[in-house]
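Q: I should like to learn how to read a structure of this kind. May we proceed feature by feature?

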Amino acid sequence: MAANPFSDELRVFQENREVWLRANAGKFVAIQDSTVADGFFDTYSEALKAGLKTFGVSRSFLVKQVWKTEPVYFIS
C-alpha cells in the first residue's frame, strides 16, 4: 500500500491547481487516480454525489476544494 493512498489524486490536483483557480476558486472537485469527475461544484455534497455517480462505490476518490493555499483550522 502506498504511503499516501491519495498520492495520485493529490498530484493531479497540484498539477491543475493554478488553472482551476482562475475560474473555480472555492469550488469542489472529485478525482480518482488521474480522472476528474465532470465539473466543479459549489458544495462538498454535490462533488461527492458526482464522484459517486462517475466512479461508483467500489474504490476511493478524493473530493477537494480548490484554494490557492490550504486553510488552517485550530481546534482547542
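A: Let us begin with accessibility: a residue is buried under 20% relative accessible area, exposed over 50%, and partly exposed in between (1.4 Å probe, protein chains only). Arginine 59, with a relative accessible area of 43%, is therefore partly exposed. The model is predicted, so local features need pLDDT of at least 70 and side-chain atom pairs pLDDT 80 or more, while totals for chains, interfaces and linings use all residues. Residues are numbered from 1 along each chain as its sequence is written, and side-chain values use heavy atoms, with hydrogens and water left out.

Q: With which residue does arginine 59 form a salt bridge?
A: A salt bridge is a side-chain nitrogen of Lys or Arg within 4 Å of a carboxyl oxygen of Asp or Glu. The partner of arginine 59 is aspartate 33, and their closest N and O atoms are 2.9 Å apart. The pair links distant parts of the chain, 26 residues apart: arginine 59 is in the loop between H2 and S3, and aspartate 33 in the loop between S1 and S2. Such labels denote DSSP runs numbered from the N terminus: helices (H or I, at least four residues) and strands (E, at least two). Aspartate 33 is partly exposed, at 28%.

Q: How many salt bridges are found in the whole structure?
A: The search finds 6. One of them joins lysine 68 to glutamate 18, with 2.8 Å between the closest N and O atoms. Lysine 68 lies in the segment after strand S3 (62-65) and glutamate 18 in helix H1 (residues 7-24), so this pair ties together parts that are 50 residues apart in sequence. Lysine 68 counts as exposed, at 51% relative accessibility, whereas glutamate 18 is partly exposed, at 41%. In addition, Arg17, Lys64 and Glu70 are linked in a network of salt bridges.

Q: In what order do the strands of the sheet stand?
A: Strands of a sheet pair through backbone hydrogen bonds, either parallel or antiparallel. Here two strands count as paired if DSSP finds at least two bridges between them. The open sheet has 3 strands in the order S2-S1-S3, with antiparallel pairing. S2 and S3 stand at the edges with a single partner strand each, so one side of each is left without a neighbour in the sheet. S1 and S2 pair over 2 bridges.

Q: At about what angle to S1 does H1 run?
A: Axes are lines fitted to C-alpha atoms, for helices over the stretch in contact (heavy atoms within 4.5 Å). Angles run from 0 to 180 degrees between N-to-C directions. H1 lies across S1, S2 and S3, at about 145° to S1.
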